[in-house]
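Reader: Could you take me carefully through one part of this model, namely its nonpolar core and the helix packing that goes with it?

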Amino acid sequence: MKYDIFISYSTQDKERVLRTVRELKNKGYSIWMDEEGISSGEQFKRAIVDGLQNSKIMLFFSSLHSNQSAWTEKEIGYADRHKKRIIPIKLDSSEYNDSVDFDLGNFDYVDFSVSPKVAKEKEKLFSSLESIFGKKDSEERHLDVNKQILKLADKYRKGDGVPRDYSFAASLYRKAADQGNAVAQCNLATLYYYGTGVKKDKNLAATLYKMASLGGSSLATFKLGKMHFDGIAVAHNMSQAIILFQEAARKGCCPAIEELKRLNVSW
């Protein structure tokens, strides 16, 4: 899967970072971002490397927290070694740590540290991105196109008026998933989980379920919970599974509700 932008940040700055990320998505940019914070498992390391390899540029949200983070230091070092363009965004006036300063010291940055300047600096950021990517379609345009792709993918997956073709359905889901469509990400994950029309890859399925869950898919949240419940491709973690079941159930996901009833757990 390809992305326009990889987000490097500290989870302690999450709310401020998400405000900018939402604006970027609204402008049509596809984003790789770990919203839950990095875990120590090898799967998450692979997910980060995959995200970096498949993103055109990196936005580094510089702050007291991120400049003390070993993870952001590794991400920046990796991006620099692989010739990825990095745009630093300063959330405060803290200095880069020595390693980050070595990689970014001469880079121009966007300054969000002074409130009166933020609007002007955002325009500077968006102008820089447009010079890199060209004019992007609006989110509304992407949503409309993705809905049509999704409908066509569903038809080929179900054999609804067309010959059933799981492989072609997967390719269509992938197109919509690459633009951040959570339903497409969830459906593509299920194809990878079972090896239907694609080579079976439960690690990729888990990554796609997580992305779809972050994008608002309650079914993906439930399915990610099941993977934690069964210890498939992710760590066996009953408490995390139940949290995910409850989150999905509160959004009206029927399988999650039934699972919680079976476990005799409220939501």
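**The core and its helices**

Author: In this predicted model, Tyr-173 is a useful place to start, since, with residues up to four places away in sequence left out, Tyr-173 touches Leu-150, Ala-153, Asp-154, Arg-157, Ala-184, Asn-187, Leu-188 and Leu-191. Tyr-173 belongs to the largest nonpolar core, which has 45 residues, and is listed with Met-58, Phe-60 and Tyr-209 as having the most contacts inside that core. The element that gives the most to this core is helix α8, residues 182-194, with 8 residues. Another core lies apart from it and has 24 residues, including Val-17, Leu-18, Tyr-29 and Phe-61. As a general matter, nonpolar side chains in soluble globular proteins tend to be buried together.

Turning to the packing of α8, its axis and that of helix α9, residues 202-214, come within 8 Å and cross at roughly 160°; because angles over 145 degrees count as roughly antiparallel, α8 is roughly antiparallel to α9. The crossing of these two helices, α8 and α9, is left-handed. On the α8 side the contact is made by Ala-182, Gln-185, Cys-186, Leu-188, Ala-189, Thr-190, Tyr-192 and Tyr-193, which meet Lys-202, Leu-204, Ala-205, Leu-208, Tyr-209, Met-211 and Ala-212 of α9. Sorted by character, the residues of this contact between α8 and α9 comprise 12 nonpolar, 2 polar and 1 charged. Two residues link the core to this pairing: Leu-188 of α8 takes part in the helix contact and is also touched by Tyr-173, while Tyr-209 of α9 takes part in the helix contact and is among the core residues with the most contacts.

Terms used: Residues numbered from 1 in each chain as written. Predicted model: local features only at pLDDT ≥ 70, side-chain atom pairs only at ≥ 80, totals over all residues. Heavy atoms only, no water. Core = buried A, V, L, I, M, F, W, Y, C linked by side-chain atoms within 4.5 Å. Buried < 20%, exposed > 50% of the residue type's maximum accessible area, 1.4 Å probe, protein only. Helix = DSSP H or I, 4+ residues; strand = E, 2+ residues; numbered from the N terminus. Contact = heavy atoms within 4.5 Å. Axes fitted to C-alpha atoms, helices over the stretch in contact; angles between N-to-C directions. Parallel < 35°, antiparallel > 145°, perpendicular 65-115°, else oblique. Left-handed = near helix turned anticlockwise from the far one by under 90°. Nonpolar A, V, L, I, M, F, W, Y, C, P; charged D, E, K, R; others polar.
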